[in-house]
Number of protein chains: 2
Amino acid sequence: MIKNMPKILVVDDELDILEIIRHALNKEGFEVHIAANGFQALEQTRKIKPDLILMDVMMPVMDGMEACRQLKEDTDTKNIPIVFLTARSEEFAELAGFEAGADDYISKPIRPRVLMSRLKAILRRRNAIQSSSHETLEFGDLKIDRERFVVEFMGKSLQFPRKEFELLSFLASRPGRVFSRDEILENVWGNEVLVVDRTIDVHVRKIREKLDERYIYTVKGVGYKFEAA
Amino acid sequence: MIKNMPKILVVDDELDILEIIRHALNKEGFEVHIAANGFQALEQTRKIKPDLILMDVMMPVMDGMEACRQLKEDTDTKNIPIVFLTARSEEFAELAGFEAGADDYISKPIRPRVLMSRLKAILRRRNAIQSSSHETLEFGDLKIDRERFVVEFMGKSLQFPRKEFELLSFLASRPGRVFSRDEILENVWGNEVLVVDRTIDVHVRKIREKLDERYIYTVKGVGYKFEAA
DNA sequence: TGCAAATATTAAGGTATTGTTAATAGCGAC
DNA sequence: GTCGCTATTAACAATACCTTAATATTTGCA
């Protein structure tokens, strides 16, 4: 029902600013979490896995720069974009933030419109279709074109629904390898899905129909695999 | 596997800023060389033939403007794009910079994402210009003339509104490739627009009307694609 | 063989995504 | 200013999709 809105962690020691930003972001539909210093930011980040962190540079306990550095060192968090809030004309701070791995910064005083458009621009970037998975997979008379989102089977071009395509594409990315339902859910549905695993069976059914009952095989008690033979 | 990364020469007399920029560019995979003034910049340029020069305007020994002028006079170096770093509201300096042959300038304070995207854009443009960036695209009875901003469809010449043209043109620039709405926003609307993504749908509607419901196809849950078939 | 567990299958409902229209705001030309 | 065109948004409709639940079938094993 409720769409999966981006989670944003806002970090600032000034409570009123925190509140203002929180409110503004909430209104846009973001899921907002807060922290009051760098240390809390680290904790929160590990807990909630935000899609983006908006962080003040100057803070007690642990400043933004240091928090940023630590987050960028951790494999689990280094890909989370970090946007710094800086006082105007803190040029050096900005450049240093850049070095620490920040993705952007926004000068105070904060203009809501600007804030929004920056955040959205950054988030948009991550929503680009993963370029790494753009190779087309070929197996005899089956071709999975990840660029066109099209499956070609025995000469015919088939439009697969998204989940079916992703599922097939995932399994076919490692032919022969058996994936458990849990692995499939992890990879095709994502981390926080609330889906019964019988759902996979249904998608498998549909795919098998379209592909003449070939390619996807059940390994009972284990999971599914893709096999070209 | 190691790609031939662009060489960038960074010229600034402030060593700490130089270091930070160097580090940041390195992280993006550029091969970075440095110089501390205009004179060194000339030397370095002749030696390493950088793909792009990022240069402060204000420097001792030889300022950026003068260095730029000299580089643009030399046949060997005049095609190397030069980007100036200028203090905020040095409008005059910017104008003078263009006169001196600069390709772009970036105002301090430097915004990381802006810096990167400008540099990449310039490098991209350079690569693109030689090949084919705004040639006219042809697909059977559809012709997209990017020079005249005109679409010819089944013999008739149609004047598309700007956004519709840009959208069609963008999708058609990589036929078959599916673009997510976010990618489309990023590329057609630009970096910092604040536009609801349903806007795309409306433009798509209008384009489809004009093109007889052909060419633009929806991939549900993913995005849109252009297909000539 | 028969039983239990795992997987298949089907159809139906709810939901997310897109389609479409119309209203509004903005911009430029005259 | 007014007219006309474009861009954007909002609101509603349409539909493709995903998921589930209920039931059937298969498989492994006692």
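**View 1. What kinds of residues make up the surface near DNA strand D?** The residues of this surface divide into twelve nonpolar, four polar and seven charged. Keep in mind that this is a predicted model. In all, 23 residues surround DNA strand D, and the closest are A:Lys163, A:Val196, B:Lys163, B:Val196 and B:Thr199. On the strand's side of things, sugar or phosphate accounts for 78% of the atoms of DNA strand D within 4 Å of the protein, with bases making up the rest.

**View 2. Backbone atoms of the protein meet phosphate oxygens of DNA strand D.** In chain A, a polar backbone atom of A:Lys163 sits 2.7 Å from a phosphate oxygen of the strand. A:Val196 also comes in with its backbone: one of its N or O atoms there is 2.8 Å from a phosphate oxygen of DNA strand D. Over in chain B, the polar backbone atom belongs to B:Arg162, at 3.4 Å from a phosphate oxygen of the strand. Zooming out to whole elements, those giving two or more residues to the surface near DNA strand D are α6 (162-172) and α8 (198-210), from chain A and from chain B. Which element gives the largest share of that surface? That would be α8(B), with four residues.

**View 3. A closer look at α8(B), a helix of 13 residues.** From its first C-alpha to its last, α8(B) reaches 19 Å, close to the 18 Å expected at 1.5 Å a residue. Its buried residues are B:Ile200, B:Asp201, B:His203, B:Val204, B:Ile207 and B:Arg208. These cover an arc of only 165° around the axis, so they end up on the same side of α8(B). As a general reminder, an α-helix has 3.6 residues a turn, so residues three or four places apart point the same way. The packing partners of the buried residues of α8(B) are α6, α7 (181-189), β11 (216-219) and β12 (223-226), all of chain B. Just after the helix, B:Asp212 takes a positive phi of about 65°.

**View 4. B:Arg146, a loop residue of chain B.** Look for B:Arg146 in the loop between β7 (142-145) and β8 (150-153). Is this arginine buried or exposed? B:Arg146 counts as buried, with a relative accessible area of 17%, because the cut-off for buried is under 20%. Its side chain is joined to that of B:Ser169 by a polar contact of 2.9 Å.

**View 5. Helix α1 of chain A, residues 15-27.** This one has 13 residues and reaches 18 Å between its first and last C-alpha, close to the 18 Å expected. Buried here are A:Ile17, A:Leu18, A:Ile21, A:Ala24 and A:Leu25. Seen down the axis, they fall within an arc of 135°, so they line one face of α1(A). Turned away from that buried side is a face carrying the exposed residues A:Leu15, A:Asp16, A:Ile20, A:His23 and A:Lys27. The buried residues pack against β1 (7-11), β2 (31-35), β3 (52-56), β4 (82-86) and α5 (112-126) of chain A. Just past the helix, A:Gly29 has a positive phi of about 95°.

**View 6. A:Thr45 and its surroundings in chain A.** A:Thr45 belongs to helix α2 (residues 38-48). Its relative accessible area is 0%, so this threonine is buried. What is A:Thr45 in contact with, leaving aside neighbours within four places in sequence? The list is A:Leu9, A:Pro50, A:Ile53, A:Leu71, A:Thr77 and A:Ile80.

Terms used. Residues numbered from 1 in each chain as written. Chains lettered and ligands numbered in written order. Predicted model: local features only at pLDDT ≥ 70, side-chain atom pairs only at ≥ 80, totals over all residues. Heavy atoms only, no water. Expected span 1.5 Å × (residues − 1). Buried < 20%, exposed > 50% of the residue type's maximum accessible area, 1.4 Å probe, protein only. Arc of directions from axis to C-beta. Contact = heavy atoms within 4.5 Å. Near = heavy atom within 4 Å. Polar contact = N/O pair within 3.5 Å; in protein donor to acceptor, adjacent residues only side chain to side chain. Nonpolar A, V, L, I, M, F, W, Y, C, P; charged D, E, K, R; others polar.
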